[in-house]
Amino acid sequence: MAKIIGLFPTPFMKVDGFLDDGLREVLTGRAREFASQANSATDLLSHTQMLDPAGDVAYGQLAEQALPHIVKFGALLFAKELNWTVKEMWLNVLESGGSQFMHTHANSFVSGIVYINKPHESTHTVFRKSTGGGEFIMKNDVPTGHFSSDTWIVPEIAPGDLVLYPSHLLHGVPPNEGAQRITVAFNAIPDSLDSLGYKISFS
């Protein structure tokens, strides 16, 4: 019997209907009022200030709801359920025509996106393999999402959905062909990691 095994897979978690309508409305209003920091690459993408969820009621509620999912996702990364903290959170507002270049998140291990409104299908988050990998130099063209593709796009997204991914994973948003897109992004870290007795703590 032949069997295909995903060798060294990258975990990705999607939580449908994660956020309730009440909190989504609060965050929508905040995004439209306070997302005043223009992105360095385009004026069509703006952000709110990064805040520690512990000092903000709405962010704190979101972080508390996300924590059980982060713990489970973290166990896929580190083979153990650890104590996690969401260390920063911010809102993003992408106007029609805007995009977000490929990037990663530093100083964290798990990152997340909560979709506050339903994004146009052109703006579903795109994830890409690192360009520094050891893959073949020559390869056959394959469709997005194929087993050997270097690009993957989040499929159906509904308002309130949450996705979690390793912070080192390249991701971005293609040009927005629809209406305003609002998301909350955050980064999380464990209290500590222990590798063969070499322990490092985070705060």
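**Notebook: strands, helices and a few residues**

I began at strand 9, where Ile 113 stands opposite Val 163. The model I am reading is a predicted one, and residues are numbered from 1 along the chain.

**Entry on strand 9**

I looked up which strands pair with strand 9. Strand 6 and strand 9 pair in the antiparallel sense over 5 bridges. Strand 1 and strand 9 also pair in the antiparallel sense, over 3 bridges. On the strand 1 pairing I noted that Lys 14 stands opposite Val 163 in strand 9.

Next I asked how many residues of strand 9 are buried. I found 5 of its 5 residues buried, and I put the strand down as mostly covered. I then sorted the residues by side: Leu 162, Leu 164 and Pro 166 lie on one side, Val 163 and Tyr 165 on the other, and both faces are covered.

**Entry on the sheet of 7 strands**

I wrote down the strand order of this open sheet as 1-9-6-11-4-3-2, with antiparallel pairing. Strand 1 (13-15) and strand 2 (37-38) stand at the edges with a single partner strand each, so one side of each has no neighbour in the sheet.

I followed strand 11 next. Strand 6 and strand 11 pair in the antiparallel sense over 6 bridges. The bridge partner of Ile 113 in strand 11 is Ala 185. I had already met Ile 113 opposite Val 163 in strand 9.

For strand 4 and strand 11 I noted antiparallel pairing over 10 bridges. There Asn 92 stands opposite Thr 183 in strand 11.

Is strand 11 buried or exposed? I found 10 of its 10 residues buried, so the strand is largely enclosed by the rest of the structure. Arg 181, Thr 183, Ala 185, Asn 187 and Ile 189 point one way. Ile 182, Val 184, Phe 186, Ala 188 and Pro 190 point the other way.

I closed this entry with strand 3 (residues 45-47), which pairs with strand 4 in the antiparallel sense over 3 bridges. Ser 46 has Val 93 of strand 4 as its bridge partner.

**Entry on helix 1**

I checked the span of helix 1 (residues 21-34). At 1.5 Å a residue, its 14 residues should span 20 Å, and I found the end C-alpha atoms 20 Å apart, which agrees. Its buried residues are Leu 23, Arg 24, Leu 27, Thr 28 and Ala 31. Seen down the axis of helix 1, these buried residues fall within an arc of 140°, so they line one face of the helix.

I looked at the face turned away from that buried side and found the exposed residues Glu 25, Arg 32 and Glu 33. What covers the buried residues of helix 1? I listed helix 2 (57-78), strand 4 (84-94), strand 6 (110-115) and strand 11 (181-190) as included in the cover.

At the start of helix 1 I looked at Asp 20. One of its side-chain oxygens reaches to within 3.0 Å of the backbone nitrogen of Gly 22.

**Entry on helix 2**

I found helix 2 lying across strand 1, strand 4, strand 6, strand 9 (162-166) and strand 11. Helix 2 runs at about 115° to strand 4.

I picked out Leu 67, which is in helix 2. Leu 67 is partly exposed, with a relative accessible area of 30%. I also compared its position with that of Ala 2: the two are 65 residues apart along the chain, and their C-alpha atoms are separated by 39 Å.

**Entry on Thr 48**

I looked up where Thr 48 sits and found it in the loop between strand 3 and helix 2. Thr 48 is buried, with a relative accessible area of 5%. A polar atom of its side chain lies 2.8 Å from the backbone nitrogen of Leu 91.

I then listed what Thr 48 is in contact with, leaving aside its neighbours within four places in sequence. The list reads Arg 30, Phe 34, Ala 35, Gln 37, Tyr 59, Trp 90 and Leu 91.

**Entry on the sheet of 4 strands**

I noted an open sheet of 4 strands in the order 5-10-7-8, with antiparallel pairing. Strand 5 (100-103) and strand 8 (151-153) are the edge strands, and each pairs on one side only. The twist averages 20° from one strand to the next.

My last look was at strand 7 (residues 126-128), which pairs with strand 8 in the antiparallel sense over 3 bridges. The bridge partner of Arg 128 in strand 8 is Thr 151.

Notes. Predicted model: local features only at pLDDT ≥ 70, side-chain atom pairs only at ≥ 80, totals over all residues. Heavy atoms only, no water. Helix = DSSP H or I, 4+ residues; strand = E, 2+ residues; numbered from the N terminus. Expected span 1.5 Å × (residues − 1). Buried < 20%, exposed > 50% of the residue type's maximum accessible area, 1.4 Å probe, protein only. Arc of directions from axis to C-beta. Contact = heavy atoms within 4.5 Å. Polar contact = N/O pair within 3.5 Å; in protein donor to acceptor, adjacent residues only side chain to side chain. Pairing = 2+ DSSP bridges. Axes fitted to C-alpha atoms, helices over the stretch in contact; angles between N-to-C directions.
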